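Colleague: Could you take a close look at one part of this model and describe its surroundings in a single connected account? I should like the residue-level details to be kept together with the wider arrangement.

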Amino acid sequence: MKAITLIIKEKPWIGWALFFSTILIVFLLGLLASSVIERRAEAVYAYKPSKEISQTEPRNTIWGENYPREYESYLKTADTSFRSQYNGNALIDALELDPKMVILWAGYPFSKDYNQPRGHYYAIDDIRKTLRTEAPMTPEAGKLPNTCWACKSPDVPRMMNKTGIADFYKGNWASKGAEIANFIGCADCHDAKTMNLRISRPALIEAFERQGIDVKKSSQQEMRSLVCAQCHVEYYFQGEDKYLTFPWDKGMNVDSIEKYYDSYEFSDWKHALSRTPMIKAQHPDFEVFKMGIHAQRGLACADCHMPYRSEGGVKFTDHHIQSPLNNIANTCQICHRESEETLKNNVYERQRKVHQTKDKAEELLVKAHIEAKAAWDAGASENEMKPVLILIRHAQWRWDFSVAGHGNAFHAPIEILRILGTSIDLSQEARILTSRILASHGINKPVDYPDISTKSKAQKFIGLDIENLKKEKQVFLNKIVPEWIQKAKEREAKYNFKTL
Ligand code: HEC
Ligand code: HEC
Ligand code: HEC
Ligand code: HEC
């Protein structure tokens, strides 16, 4: 073949033809790009808002009148039909599936009732129904604080606007039962005027502020994760007034957060068997996601959980937030060319390996708690037990951090396996120390482990009367909840809004 310069020297018109066709291609590409950008803008302004919506409007139906596509897709979070190997949007009784957790949470409400999450649509329903929130028959009854409502509803920013932040958290959960009525929604993530993404939860803004970061200056891509980080994070209730706080001041990984909690001996509860001062991990989805390859390559939560969708030429954001495995074509396959089957198996393989290690970590933790109890029973002193309890505290915190986020095993498998590895190591150290303590109190035979093969056996072992708790709950659901719903309806009937 001749070099192109030679050809052009012989036939100059070829050079001109190449030149003009290049210009034409560049021009066409430019047209394409501008049409893509216009389409995106159209997506936002595809419909003319018909109502002026206030930032404190908690009802999704009202916002939905202005933005029907987003609203209708968001309502699909009510669907409970999809199940993947470990997750999906069905309600799964996690304690039935894995009764070891009953022992690990002995003395804490999670041992009564714990389900895997379902769609946002159920946020209010599920918090009312779980045995963890007890059956408070008066506004003052019950042990849980109002802070528990914080990640459930756009009525939360509405109330904070009215009462102030600190006063919102104060008081018992039941005292705001009639105020918090709408499931997670538009006002939680959007600015009412511009529909830009917006942080509505002060705890996230404050956590970044303490690190000298102004979260309001985040990029659009960062916001596509930060709106989720308002709720899908590790948190705790600080002090007497239960002020919602994210424990990120020393860093956001498991080790830094452990140091943070240890630095002032914070504990959520004292374990009923081992008497360990425990930390309950919540759902550190955001923190863990940030340690994985997809975050490192600049992806945001919305890239997999809220993909773009087209309908009649209009591109919009699919608000059906769910497992991406129910929508691989619009999520993973935007970037990966492999088949659905392969991609799904990539996820399952990582999850399976994490689950194997997780099961081992749980088994050893159960033994560590039960052996520690045996040591107390044999007359061990506080001083003897102290180092054991610190080991158990850290081992369980690490296990919980790994499993409490239901996407962790895929979001950052290597980090999660590392953390579970340290949990196993700490549990074994605790058990070695305990066996020495037992021996020094004359006990040399192995400790008896109870039969905890089902949820009900495990709950009986730790002394829970679940049947009674369920009965009380039913009375609460039949009597108090309808009153809450009625009051909310009366309040909302009084709201008025302008038609544009
Ligand atoms: C106001 C708090 C809040 C915000 C903001 C929030 N979530 Fe959630 N999310 C929840 C709660 C609470 C649940 C569990 C609801 C239940 O099980 O009743 C949940 C459940 C989920 C589930 C499980 C769905 C299923 O079908 O199993 C996914 C996935 C999820 N959220 C992703 C996200 C993503 C992605 C974002 C950001 C775009 C986000 N969430 C923003 C509170 C929130
Ligand atoms: C958990 C957070 C969250 C909730 C709740 C939420 N959105 Fe969104 N919304 C997003 C994200 C993320 C985007 C994508 C923004 C982007 O890519 O710039 C978005 C985009 C939009 C857009 C811009 C056009 C588009 O489709 O991309 C509109 C309009 C919108 N949402 C309406 C709503 C309405 C109406 C509701 C309530 C029914 C709602 N959203 C609830 C997070 C949320
Ligand atoms: C917006 C683009 C994008 C989307 C959407 C996306 N990925 Fe990726 N994925 C990447 C990039 C980039 C990498 C890093 C690979 C690299 O840089 O070579 C990656 C890496 C991976 C890896 C290898 C990482 C590891 O742990 O070894 C797997 C597996 C994977 N993705 C699966 C998925 C699945 C499953 C989904 C859907 C749930 C998905 N990805 C969605 C861009 C994406
Ligand atoms: C690269 C794609 C990808 C990104 C980005 C991503 N996730 Fe996930 N997420 C997944 C996959 C895959 C699963 C596992 C789904 C399953 O097992 O069915 C998952 C699971 C989850 C679950 C549990 C879902 C359930 O059905 O119970 C939650 C909650 C979640 N992710 C939240 C988030 C949040 C919050 C972010 C951002 C901080 C995020 N995810 C970013 C792919 C992603």
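**From the ligand shells to the helix packing**

Modeller: Around ligand 1 there are 24 residues, of which Asn89, Asp126, Cys228, Cys231 and His305 come nearest. Please bear in mind that the model is predicted. Sorted by class, the shell of ligand 1 comprises 13 nonpolar, seven polar and four charged residues. Four helices each contribute at least two residues to the shell of ligand 1: α7 (123-129), α10 (186-189), α12 (220-229) and α16 (301-305). The largest share, three residues, is that of α16.

Helix α16 leads on to a second site, since α16 also supplies at least two residues of the shell around ligand 3, as do α15 (293-296) and α17. Here 16 residues surround the ligand, and Arg297, Pro324, Cys332, Cys335 and Asn346 are the nearest of them. The class count for the shell of ligand 3 is 10 nonpolar, four polar and two charged residues. In this shell α17 gives the most, with three residues.

The packing of α17 therefore deserves separate treatment, as α17 is the leading contributor to the shell of ligand 3. Helix α17 (residues 340-377) packs against helix α18 (residues 382-403) at an angle of about 155 degrees, and their axes are 10 Å apart. Because angles over 145 degrees count as roughly antiparallel, α17 is roughly antiparallel to α18. Their crossing is left-handed. On the α17 side the contact is made by Lys358, Ala361, Glu362, Leu365, Ala368, His369, Ala372, Ala375 and Trp376; on the α18 side, by Met385, Val388, Ile392, Ala395, Gln396, Trp399, Ser402 and Val403. By class, this contact has 12 nonpolar, three polar and two charged residues.

A second partner of α17 is helix α20 (residues 413-440), whose axis comes within 9 Å of that of α17 and crosses it at roughly 20 degrees. Since angles under 35 degrees count as roughly parallel, α17 is roughly parallel to α20. The crossing of α17 and α20 is left-handed, and the residues of their contact divide into 16 nonpolar, five polar and six charged.

As to the wider chain, the domain assignment gives domain 1 (4-44) and domain 2 (60-338 + 464-493). The centres of domain 1 and domain 2, taken over C-alpha atoms, are separated by 49 Å.

Conventions. Residues are numbered from 1 along each chain as its sequence is written. Chains are lettered from A and ligands numbered from 1 in the order in which they are written. This is a predicted model: local features need pLDDT of at least 70, side-chain atom pairs count only at pLDDT 80 or more; totals for chains, interfaces and linings use all residues. Axes are lines fitted to C-alpha atoms, for helices over the stretch in contact, and angles run from 0 to 180 degrees between N-to-C directions. Angles under 35 degrees count as roughly parallel, over 145 as roughly antiparallel, 65 to 115 as roughly perpendicular and the rest as oblique. A crossing is left-handed if the near helix is turned anticlockwise from the far one by less than a right angle, and right-handed if clockwise. Two residues are in contact if their C-beta atoms, placed from the backbone, lie within 7 Å. Ala, Val, Leu, Ile, Met, Phe, Trp, Tyr, Cys and Pro count as nonpolar, Asp, Glu, Lys and Arg as charged, and the others, Gly among them, as polar. A residue is near a molecule or strand if its C-beta atom, placed from the backbone, lies within 6 Å of it. Domain bounds come from an automatic or database domain assignment.
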